[in-house]
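Subject: Structure handover

Hello,

Here is the structure I promised to pass on. Please open it alongside this email, and my notes follow below.

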Amino acid sequence: MERATIATVWLEGCAGCHMSFLDIDEVLLDLLPRIELTDSPITDFKDFNFRRVDVGIIEGAIGNNEQLEIARRLRDRCKILVAWGDCAVFGGINTLRNAIARADVLKCAYIDSASTVDGIIPDDKELPVLLQKTVPVNRMVEVDVYVPGCPPSPEAIAYSLTEILEGRIPVLTADMIHFD
Ligand code: SF4
């Protein structure tokens, strides 16, 4: 694959997966001439009108209607969609809220939290609406490559990207998804 175009998004996650990408150190120097990052939190993009790309990468689970729309747009505009990290692959820590009613989650966050005084639950029409449950990416759109880990190790990220650039779907070995 010549100079692959790549778009990455950060949905319901902590940015740790993107940090792990930056942690691949000198491998990044090998990869950079072979890729073009079109849209990414790393490039500080502000809208989600993705151009068509070779590879789309999602960090984070899907927990609100805006994240769902972003995932669908990226799926629609990429050839290979990668789920980066346990939040994207399994739902991750975000799914802790799934056993709690949505109204109670909002009340806990905006009214009952220890640091809140006279809190209100925001209801501006422009704000994303929580889905009933937070779900992994493949519950909403088709995923081609899974790179689990919290975060995925820099080695796993480097390996999976290199394989994709070579035209292969990466198969991660056990040592890449196991933490001692
Ligand atoms: S998988 Fe871990 S590092 Fe990645 S977004 Fe989720 S919590 Fe953060």
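Which residues does Leu161 touch, leaving out those up to four places away in sequence? The answer is Ile6, Phe21, Leu31 and Ile57. Please keep in mind that this is a predicted model.

**Cores**

Leu161 belongs to the largest nonpolar core, which has 23 residues. It is one of the members that touch the most other members. The others in that group are Phe21, Ile24, Ile57, Val82, Trp84 and Val147. Several elements supply at least two residues each to this core. The strands are β1 (4-10), β3 (53-59), β5 (78-84) and β7 (145-147). The helices are α1 (16-22), α2 (26-31) and α6 (154-165). The largest share, six residues, comes from α6. There is also a second, separate core of 22 residues. Leu11, Leu74, Ala83 and Val141 are among its members.

**Ligand site**

The ligand takes up the space of the second largest pocket. Which residues surround the ligand? Going along the chain, they are Gly13, Cys14, Gly16, Cys17, Glu59, Gly85, Asp86, Cys87, Gly149, Cys150 and Pro151. Two elements, α1 and α4 (85-90), give two or more residues to this shell. The largest share is from α4, with three residues. By type, the shell divides into five nonpolar, four polar and two charged residues.

**Backbone points to check**

Most residues other than glycine have a negative phi, and most peptide bonds are trans. Three places here deserve a look with that in mind.

- Cys150 and Pro151 are joined by a cis peptide bond, with omega about -10 degrees. Both residues are also in the shell around the ligand. Pro151 lies in the loop between β7 and α6.
- Ala15 is not a glycine, yet its phi is positive, about 80 degrees. Ala15 sits in the loop between β1 and α1. Is Ala15 buried or exposed? Its relative accessibility is 12%, so Ala15 counts as buried.
- Asp25 also has a positive phi, near 55 degrees, and is a residue other than glycine. Its place is in the loop between α1 and α2. Asp25 counts as partly exposed because its relative accessibility is 49%, and the partly exposed class ends at 50%.

That is what I have for now.

Best wishes

Key:
Residues are numbered from 1 along each chain as its sequence is written. This is a predicted model: local features need pLDDT of at least 70, side-chain atom pairs count only at pLDDT 80 or more; totals for chains, interfaces and linings use all residues. Side-chain values use heavy atoms; hydrogens and water are left out. A nonpolar core is a set of buried Ala, Val, Leu, Ile, Met, Phe, Trp, Tyr and Cys residues joined through side-chain atoms within 4.5 Å. Buried means under 20% relative accessible area, exposed over 50%, partly exposed in between (1.4 Å probe, protein chains only). Helices (H or I, at least four residues) and strands (E, at least two) are DSSP runs, numbered from the N terminus. Contact means heavy atoms within 4.5 Å. A residue is near a molecule or strand if one of its heavy atoms lies within 4 Å of it. On a 1 Å grid over the protein atoms alone, a cavity is a set of points where a 1.4 Å probe fits but cannot get out, and a pocket is an open set with protein on both sides within 12 Å along at least five of seven lines; lining residues have an atom within 4 Å of a point. A molecule sits in a cavity or pocket if more than half of its atoms lie within 2 Å of its grid points. Ala, Val, Leu, Ile, Met, Phe, Trp, Tyr, Cys and Pro count as nonpolar, Asp, Glu, Lys and Arg as charged, and the others, Gly among them, as polar.
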